[in-house]
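This report describes a protein with a bound ligand. The ligand site is treated first, followed by the nonpolar cores, a group of individual residues and the overall dimensions.

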Amino acid sequence: MRIDIITVAPELLNSPFQHSIMKRAQEKGLLDIHLINLRDYGLGKYKQVDDYQFGGGAGMVMMVEPLMNAIKDLQQQRDYDEVIYLTPDGMQLKQNISNKLSLKNNLLLICGHYKGIDERIREHFVTMEISIGDYVLSGGELAAAVLVDSIGRLIPGVLGDETSALLDSFQDNLLAPPVYTRPAEINGWRVPDVLLSGHFAKIEEWRMEQAYQRTKERRPDLLDEE
Ligand code: ADE
């Protein structure tokens, strides 16, 4: 999968993808991330990318032309399955969205800044708008990093153990069960016996039950989702 990210702050996105699973995904050739500096498409001597908003009001708006030129340039090179704008008024990111996006070939992400991007870009180029939660970040970059991470780990072959993503929280609308590692006892705190039993079916049953209980207590809303 190739993910292109248009941003005015590429340095914000350099490090998140150079560690652990994202790094491995790229090394394995399963994920190819490209950062496109919107400044390269800026207008005039000062490479302008934003301007005052019509109708007044505080805050700058990212202009149509630099974004349009960047998007068109990229679209000439390949077809994008989705052009995604990260924005607090988009649809809220959920695991099922990441699951679906992890099966795509080419994604183009647009990070907004300031007051956001000119509405005409949203109308004419953007195919999907995603928010990572009900809070406002100072730019879309951290949201893009979250989205790419959540998608990247789901790309087939990225996680060594193919089943491990299937047992994550939110898959099947359940939170993940508790996990333990060695030692089996410390300070008198014992790992549940069933996990040490070696009885695979019983362990699975215990995990399902724990996942269900945890979801019921902490996120009963998930159990109502289809
Ligand atoms: N940009 C600013 N805030 C955001 C959010 N919550 N989700 C996605 N993009 C954003």
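In this predicted model, the ligand is surrounded by L86, T87, P88, I130, S131, I132, G133, Y135, V136, L137, G139 and A143. By residue class, this shell divides into 8 nonpolar and 4 polar residues, with no charged residue.

Polar contacts between the ligand and the protein backbone are listed below; each involves a nitrogen atom of the ligand.

| Residue | Protein atom | Ligand atom | Distance |
|---|---|---|---|
| G133 | polar backbone atom | nitrogen | 3.2 Å |
| Y135 | backbone N or O atom | nitrogen | 2.7 Å |
| L137 | polar backbone atom | nitrogen | 3.0 Å |

On its own, the ligand has 260 Å² of accessible area, and the protein covers 96% of this. Two or more residues of the shell are given by each of the strands β5 (82-92) and β7 (128-131). Strand β5 supplies the largest share of the shell, 3 residues.

**Nonpolar cores**

The largest nonpolar core contains 28 residues, and those with the most contacts inside it are I5, L101, L109, I130 and L147. The elements that give two or more residues to this core are the strands β1 (2-7), β5, β6 (106-111) and β7, together with the helices α2 (20-27), α4 (95-101) and α6 (141-152). Helix α6 provides the largest share, 6 residues.

I130 belongs both to the shell around the ligand and to the residues with the most contacts inside the largest core. Beyond its neighbours up to four places away in sequence, I130 touches I84, Y85, L86, T87, G90, M91, L93, I97, L101 and L147. Among these contacts of I130 are L86 and T87, which also surround the ligand. The contacts of I130 also include L101 and L147, which are likewise listed among the residues with the most contacts inside the core.

A second core, separate from the one just described, has 19 residues, including L108, I117, F125 and V126.

**Polar residues of helices α4 and α6**

Which residues does S98 touch, apart from those up to four places away in sequence? S98 lies in helix α4 and touches L93, S150, I151 and L154. With a relative accessible area of 2%, S98 falls under the 20% cut-off and therefore counts as buried.

Its contact partner S150 is found in helix α6. S150 is also buried, because its relative accessible area of 18% is under 20%. Neighbours up to four places away in sequence aside, S150 touches L93 and S98. L93 is thus named among the contacts of S98 and of S150. A polar atom of the S150 side chain lies 3.0 Å from the backbone oxygen of L147.

Helix α4 also holds Q95. The relative accessible area of Q95 is 17%, under the 20% limit, so this residue too is buried. Leaving aside neighbours within four places in sequence, Q95 is in contact with L154, S169, F170 and Q171. Q95 and Q171 are 76 residues apart along the chain, while their C-alpha atoms are separated by 6.8 Å. L154 is a contact of Q95 and also of S98.

**Strand β8**

Is I186 buried or partly exposed? I186 is found in strand β8 (residues 185-186). The relative accessibility of I186 is 44%, which lies between 20% and 50%, so I186 counts as partly exposed. From I186 to V8 the C-alpha to C-alpha distance is 50 Å, with their positions 178 residues apart in sequence.

**Overall dimensions**

The secondary structure of the protein comes to 9 helices and 9 strands. Taken along the principal axes, the C-alpha atoms fill a box of roughly 70 × 40 × 35 Å. The protein has 226 residues, of which 42% count as buried. The accessible surface of the protein comes to about 13,300 Å², and carbon and sulfur atoms account for 51% of it. Of the contacts with a separation of 6 or more, 75% are between residues 24 or more positions apart; the contact of Q95 with Q171, at 76 residues apart along the chain, is an example.

Definitions and conventions:
Residues numbered from 1 in each chain as written. Predicted model: local features only at pLDDT ≥ 70, side-chain atom pairs only at ≥ 80, totals over all residues. Heavy atoms only, no water. Near = heavy atom within 4 Å. Polar contact = N/O pair within 3.5 Å; in protein donor to acceptor, adjacent residues only side chain to side chain. Areas by Shrake-Rupley, 256 points an atom, 1.4 Å probe, with all protein chains shown as cover. Helix = DSSP H or I, 4+ residues; strand = E, 2+ residues; numbered from the N terminus. Nonpolar A, V, L, I, M, F, W, Y, C, P; charged D, E, K, R; others polar. Core = buried A, V, L, I, M, F, W, Y, C linked by side-chain atoms within 4.5 Å. Buried < 20%, exposed > 50% of the residue type's maximum accessible area, 1.4 Å probe, protein only. Contact = heavy atoms within 4.5 Å.
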